[in-house]
Amino acid sequence: MKVKSDFFLQVYEIVRMVPRGRVTTYGAIAKAIGAPQSSRTVGYAMNASHSIPDVPAHRVVNRVGMLTGKHHFPGSDTMQRLLQEEGIEINDDCVVEFERLLWLPNTM
DNA sequence: GGAGTGACGCGGC
DNA sequence: AGCCGCGCCACTC
């Protein structure tokens, strides 16, 4: 069938695959879907992720490992707290050793 | 129907 | 070396 607006669903699936204690980037997800240029749309999809409880948006950060989306969470540091709960250290709203914790959907 | 936005990424200065 | 702006795709009003 045709991939119409599965974009959101694709993003949700990828984010859902992110192992606990690991983080991924919007660009990586977009690339995994096959639209590396739609990295922005990926973030947009996350906006609707609130409809899907299985989508740990807090594990998704930008390519620098910065919690850019933390501002969108209910609390002020909800995203940061969730990551810390998973064992991820956050320093200045940035994931410590982000590259080491980075998880690529293709490399799962 | 059209226009604007947006939780990004990259390049250029 | 840091800072700024532009572009892309998909969705919403």
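In this predicted model, helix 2 (26–33) and helix 3 (39–47) of chain A each supply at least two residues of the surface near DNA strand B. Of these elements, helix 3 is the one to look at: seven residues come from it, the largest share of that surface.

How many residues surround DNA strand B, and which are the closest? There are 19, and the closest are G27, G43, A57, N62 and G69. A residue counts as near the strand here if its C-beta atom, placed from the backbone, lies within 6 Å of it. Sorted by class, the surface near DNA strand B looks like this:

| Class | Residues near DNA strand B |
|---|---|
| Nonpolar | five residues |
| Polar | twelve residues |
| Charged | two residues |

Now for the protein as a whole. Chain A is built from five helices and four strands. If you walk along the sequence, these elements come in the pattern α-β-α-α-β-α-β-β-α.

How does the overall size of chain A fit its length, and why? A compact globule of 108 residues would have a radius of gyration near 13 Å, and chain A has 13 Å, so the two agree. Along the principal axes, the C-alpha trace of chain A spans about 45 × 30 × 20 Å.

Inside the chain, buried residues account for 35% of the 108 residues. Contacts also link distant parts of the sequence: among those in chain A with a separation of 6 or more, 59% are between residues 24 or more positions apart.

Conventions:
Residues numbered from 1 in each chain as written. Chains lettered and ligands numbered in written order. Predicted model: local features only at pLDDT ≥ 70, side-chain atom pairs only at ≥ 80, totals over all residues. Rg over C-alpha atoms; globule rule 2.2 N^0.38 Å. Buried ≥ 20, exposed ≤ 12 C-beta atoms within 10 Å, placed from the backbone. Contact = placed C-beta atoms within 7 Å. Nonpolar A, V, L, I, M, F, W, Y, C, P; charged D, E, K, R; others polar.
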